[in-house]
Every structure is written in structure tokens, then in C-alpha cells.
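Here are some notes to read alongside the structure. They come as numbered points, so dip in wherever you like.

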Amino acid sequence: MSIERNTRKLDEGIVKDFSSRMSYASYLQLPILLSAQKPVSVPEHHDELLFIIQHQTTELWLKLVLHELRSAAIWLREDDLGAALKGIARVKHIQKTLTEQWSVLATLTPTEYAQFRGFLGNSSGFQSSQYRAVEFVLGNKNSGMLQVFHSDPEAYALLDEVLHAPSIYDEFLAYLSRHGHAVPAAVLERDVTLAHEFTPELVPLFKDIYENAADNWGAYEACEELVDLEDNFQLWRFRHLRTVQRTIGMKTGTGGSTGAAFLQKALELTFFPELFAVRTEIGK
């Protein structure tokens, strides 16, 4: 009597010889990727691998976020609103993944982290050039941040480029202007190397879009997508703050910042202030 084993047979057509073919590992450069986790603690602490992978995967997702947002800005410039909104929708899903990731790092207890934190030196997430670039693309420009990257020419060049480029909000406002909405000239001609500041004159424009959504559906949908984008970003910032607080309390950050206090101040920053201010005006 034969015994059925819990083993699946391979399909006859499955490729097994990769001596001259591209494989999954070679396409994804897995030997390089999986050898990039190099704990520095001595003796090596069990939980440092978690800490490294958490931040490396975040950087990979930030690379994609930056790719999508910069492309969305270009599509807005080209009046391709549909493609821009598709890119933003993808970013929103990535943001949810990034926010949920904090729950994994939160399993690192204060005692565990303290056993290898000293080996990190002055390395800190504060020095993430991609995170700063994402902030710049969304409109939180701060030229002072470039000083941190003087010793990294590639990162400095990236930040300098996005600093001098219009943000995605700048491009959206220019798009609205080209499509008949009364965007003030001062907004369209502003110095894009500076952070966008709340402009009261924009609120009536958005009020008209919201209260006449049927006639402005594309712009209306874009406004809500941008609000989602900012909400998700603020949730990420908040989860970052809470994870830091539960892991190191109010200690100074390894990079020299005030740690949780510095992250708390970041929650006051906004990308699209008029899109939130208009909610007070709608229905009046």
C-alpha cells in the first residue's frame, strides 16, 4: 500500500539550470542585498540584525516613494493628472507599509537596544538623505539640512536637485492655474527653494473646487489624494515618535538631535496647509 507523502511534485516545465540563464537571485542581486547586513556590536547582539533590516527596508521603500513622487510632479507639469494620481495612490500604499513597520521595531525593548546602541556612533536616521528628499519633494524645503551631507557628494547632489525643483504642491498649483483656477501670481512665481507657507488667498480657490466638485472632479480628487498623502505622512511621523519614546525615552539621539523632542516638533510641519484650512470654510 503506497503512502501519499506531503510533498508537491515539480512541474515538468520548471527551469532548473541557471548556469546560463537569469535567476531570481541574480535579477534581484540577492548576494549583494543579503550580504549588506553587517552588525557592528562586539560581541554581536542578537537584535542588531532587526535594527539594520528595519532601516534598510525603510530606505528601499523611500527610494520607491521618491521615484513615484518625482514622477508624479513631472506628470502634473505635463497635465497628465491621471498618471500623477496613480503614482500618489501607490505612495499611499507604501506609506501604510512603512507605518506598520514601526510595530516590528517596537518589539526591541529598551534593555535590548541599550546593549548595542553605543556601537552605532553618530549614525542616525536623521541622516537619511532619501527621507529629506521626500520631505523636499512634498514641500518641506530646508536648505540648512544640506550641511549634514557635505561629506556625501551623491546625497548632497540629490538634495540640492530637489531643493531647487518645484515641489509636487507647486506643480499642482501650477496645474490648477493652467486649468482656469485663480492661483495668485505670487504663488506661481515664489522661490521654490523655500518651504511653502500658508497662503490665505488659496483657500477660496479650494473652497470653490470642493463646493463644485462635479464641475472640478479631477482637481477635487487630487486635493483629497494630497490630503491622504499628508495624513499618512503624519501618521508615520507619529509612530516614529512613539517607537523612539518607548525605546529610548527622552534621551538625546545618536546623531545629536534632541531625540523624541525633535520628532515631536516635526508633527507641527505641514505640506498642504490650505487643503486643511479650507475644511473650516466649506458649508459657511
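1. Start with Arg279: its charged end sits over the ring of Phe276, 6.0 Å from the ring's centre. A second case of this kind involves Arg132, which lies over the face of Phe126 at 4.8 Å from the ring centre. Keep in mind throughout that you're looking at a predicted model.

2. Next, look for empty space inside. Rolling a probe the size of a water molecule over the atoms shows where empty space is left. Searching the whole structure this way turns up one cavity of 30 Å³ or more. The space in this largest cavity comes to about 100 Å³.

3. Which residues line the largest cavity? Going along the chain, they are Leu62, Val65, Leu69, Val91, Gln95, Leu98, Tyr131, Val134, Leu138, Leu229, Phe233 and Trp236. Four helices each bring at least two residues to the lining: H3 (48-77), H4 (81-105), H6 (129-138) and H11 (217-248). By character, the lining has eleven nonpolar residues, one polar and no charged.

4. Two of those lining residues, Tyr131 and Phe233, also deserve a look as a ring pair. The structure has 13 aromatic pairs in total. For Tyr131 and Phe233, the ring centres are 5.9 Å apart and the planes are at 25°, so the pair counts as stacked. Tyr131 belongs to helix H6 and Phe233 to helix H11, so this pair links distant parts of the chain, 102 residues apart. Tyr131 is buried at a relative accessible area of 11%, and Phe233 is buried at 7%.

5. Now compare a ring pair within a single helix. Trp217 and Tyr220 have ring centres 5.1 Å apart with planes at 45°, so the pair is tilted. They're three residues apart in helix H11, which puts about one helical turn between them. Trp217 counts as exposed at 51% relative accessibility, while Tyr220 is partly exposed with a relative accessible area of 22%.

6. Zoom out from the pairs and you'll find an aromatic cluster. One such cluster is formed by Trp102, Tyr131, Tyr169, Phe233, Trp236, Phe271 and Phe272. Three of its names should ring a bell from the cavity: Tyr131, Phe233 and Trp236 are among the lining residues.

7. On to the charged side chains. The whole structure has eleven salt bridges. In one of them, the side chains of Glu161 and Arg70 meet at 2.8 Å, N to O. Glu161 is in helix H7 (residues 153-163) and Arg70 in helix H3, so this salt bridge ties together parts that are 91 residues apart in sequence. Glu161 is partly exposed, at 46% relative accessibility, and Arg70 is partly exposed too, at 28%.

8. Are the partners in the next bridge, Lys92 and Glu225, buried or exposed? Both Lys92 and Glu225 are buried. The closest N and O atoms of this salt bridge are 3.1 Å apart. The pair links distant parts of the chain, with Lys92 in helix H4 and Glu225 in helix H11, 133 residues apart.

9. Glu135 and Arg237 make another salt bridge, their side chains meeting at 2.8 Å, N to O. Glu135 lies in helix H6 and Arg237 in helix H11, so the bridge ties together parts 102 residues apart in sequence. Glu135 is buried, with a relative accessible area of 6%, and Arg237 counts as buried at 3%. Salt bridges can share partners, too: Lys92, Glu225 and Asp228 are joined into one network that way.

10. Last stop: helix H8 (residues 168-178). Why describe this helix as largely enclosed by the rest of the structure? Because nine of its eleven residues are buried. Those buried residues are Ile168, Tyr169, Asp170, Glu171, Phe172, Leu173, Ala174, Tyr175 and Leu176. One of them, Tyr169, is also a member of the aromatic cluster in point 6. Following H8 comes Gly180, which has a positive phi, near 90°.

Terms used:
Residues numbered from 1 in each chain as written. Predicted model: local features only at pLDDT ≥ 70, side-chain atom pairs only at ≥ 80, totals over all residues. Heavy atoms only, no water. 1 Å grid on protein atoms, 1.4 Å probe; cavity = no way out; pocket = protein on both sides within 12 Å on 5 of 7 lines; lining within 4 Å. Points joined across faces, edges and corners; volume = space filled by probe spheres on them. Nonpolar A, V, L, I, M, F, W, Y, C, P; charged D, E, K, R; others polar. Salt bridge = Lys/Arg side-chain N within 4 Å of Asp/Glu carboxyl O. Buried < 20%, exposed > 50% of the residue type's maximum accessible area, 1.4 Å probe, protein only. Phe/Tyr/Trp six-rings, centres within 6.5 Å; stacked < 30°, edge-to-face > 60°. Lys NZ or Arg CZ within 6 Å of the ring centre and 35° of its normal.
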